Amino acid sequence: MIIEVENVTKRHNDTVEALRGVSLTVAEGELVAVIGPSGSGKSTLLNLLGTLDRPTSGVVRIAGHDVSTLTDRRLSALRARHLGFVFQQFHLAVGVPILDSVADGLLYAGRPATERRERARAALERVGLAHRLGHRPSQLSGGEQQRAAIARAVVGDPPLLLADEPTGNLDSAAGRQVLDLLREFHGSGTTIVMITHDMDIAEWCPRRIRIQDGRIQDGPGRDGLGRDGRGEDGRGEDDPIPDSPALGGRGLGGSMADFRIASREAR
Ligand SMILES: Nc1ncnc2c1ncn2[C@@H]1O[C@H](COP(=O)(O)OP(=O)(O)O)[C@@H](O)[C@H]1O
Ligand SMILES: [Mg+2]
């Protein structure tokens with residue numbers, strides 16, 4: 001399991017209990033949508049998974065490491081080796097050419113500057129921005145900025161990519177490009193956990209985790225507490241796809257079947 005969360009709570013201050021006892025596991029290679037109303041605790045959960053924050057109680061294990069026991073130095077190493085994070089607001093450095101921002105994604109990996117730039121160039125090529133290396137964020141469209149942010153997140157080849165509403169600030173065409181990219185990374189083996197408001201996107205994901213009032217909503221099949229009936233490899237490709245209450249019991253349409261076939265072929 002690349003992610004193990006055991007009975008986690010998170011208090012932001014004395015009054016707000018953003019997570020109230022969350023347990024879940026995510027296996028290598030999964031693509032998971034986290035859904036739920038605004039304020040339900042989705043970002044809080046993703047920030048804990050990304051080690052950007054620590055739980056008030058309970059255990060978060062990433063790639064087997066209990067993050068609350070790690071020193072800051074080892075936490076940085078864990079992030080550099082295992083994690084990529086994509087935000088709704090892109091968070092690219094203002095006025096800095098994207099090649100440099102992406103190369104900075106490798107600072108903690110301890111690679112020489114020339115190699116960092118070479119890998120940054122390759123990552124930007126992979127997201128379709130080879131012709132924009134010297135551009136600053138202000139010179140790019142929202143979709144291009146988000147693709148640059150994805151390049152920064154994946155430049156170190158992390159096995160786990162976390163995305164908080166990655167299409168939330170994009171029009172539908174740019175959003176689709178970003179999703180296609182995420183689909184591509186998932187197809188080549190990256191585990192992805194993505195928060196989304198968009199039910200079409202959630203429907204497109206093989207597994208959904210629904211959060212409400214800081215708790216995971218129990219549902220049939222995969223929407224529950226990691227009791228998803230997957231095999232050892234966590235891919236569950238031959239499992240029947242259960243209907244989800246989150247989708248009004250509509251289940252998954254043809255686009256999902258296409259996606260599963262595409263991601264299988266990509267392996
Ligand atoms: N840094 C913070 N300080 C205080 N309260 C916070 C902080 N971050 C989130 N919250 C509160 O925690 C709850 C869950 O927030 P969040 O995880 O951002 O929800 P979501 O991403 O589902 O919209 C909300 O009530 C929110 O106001
Ligand atoms: Mg949020």
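**Close-up 1. The shell around ligand 1, sorted by residue class.** In this predicted model, the shell around ligand 1 is made up of 9 polar, 2 nonpolar and 1 charged residues. The residues around ligand 1 include H12, N13, V16 and A18, and they continue with G36 and the run S38, G39, S40, G41, K42, S43 and T44. Helix 1 gives the largest share of this shell, namely 3 residues.

**Close-up 2. Helix 1 and its surroundings.** Helix 1 spans residues 42-49, and because 6 of its 8 residues are buried, the helix is largely enclosed by the rest of the structure. The buried residues are K42, T44, L45, L46, L48 and L49, and among them K42 and T44 also belong to the residues around ligand 1. Just after helix 1, the chain reaches T51, which takes a positive phi of about 60°.

**Close-up 3. The open sheet and its edges.** An open sheet is formed by 4 strands, which follow one another in the order 2-1-4-5 with antiparallel pairing. Strand 2 (17-26) and strand 5 (65-66) are the edge strands, each of which pairs on one side only.

**Close-up 4. The pairing of strand 1 with strand 2.** Strand 1, which covers residues 3-11, runs antiparallel to strand 2, and the two are joined by 7 bridges. Within this pairing, T9 stands opposite R20, a residue of strand 2. A18, which is one of the residues around ligand 1, lies in the stretch 17-26 that makes up strand 2.

Notes:
Residues are numbered from 1 along each chain as its sequence is written. Chains are lettered from A and ligands numbered from 1 in the order in which they are written. This is a predicted model: local features need pLDDT of at least 70, side-chain atom pairs count only at pLDDT 80 or more; totals for chains, interfaces and linings use all residues. A residue is buried if 20 or more other C-beta atoms lie within 10 Å of its own, exposed if 12 or fewer, and partly exposed in between; C-beta atoms are placed from the backbone. A residue is near a molecule or strand if its C-beta atom, placed from the backbone, lies within 6 Å of it. Ala, Val, Leu, Ile, Met, Phe, Trp, Tyr, Cys and Pro count as nonpolar, Asp, Glu, Lys and Arg as charged, and the others, Gly among them, as polar. Two strands pair if DSSP finds at least two bridges between them.
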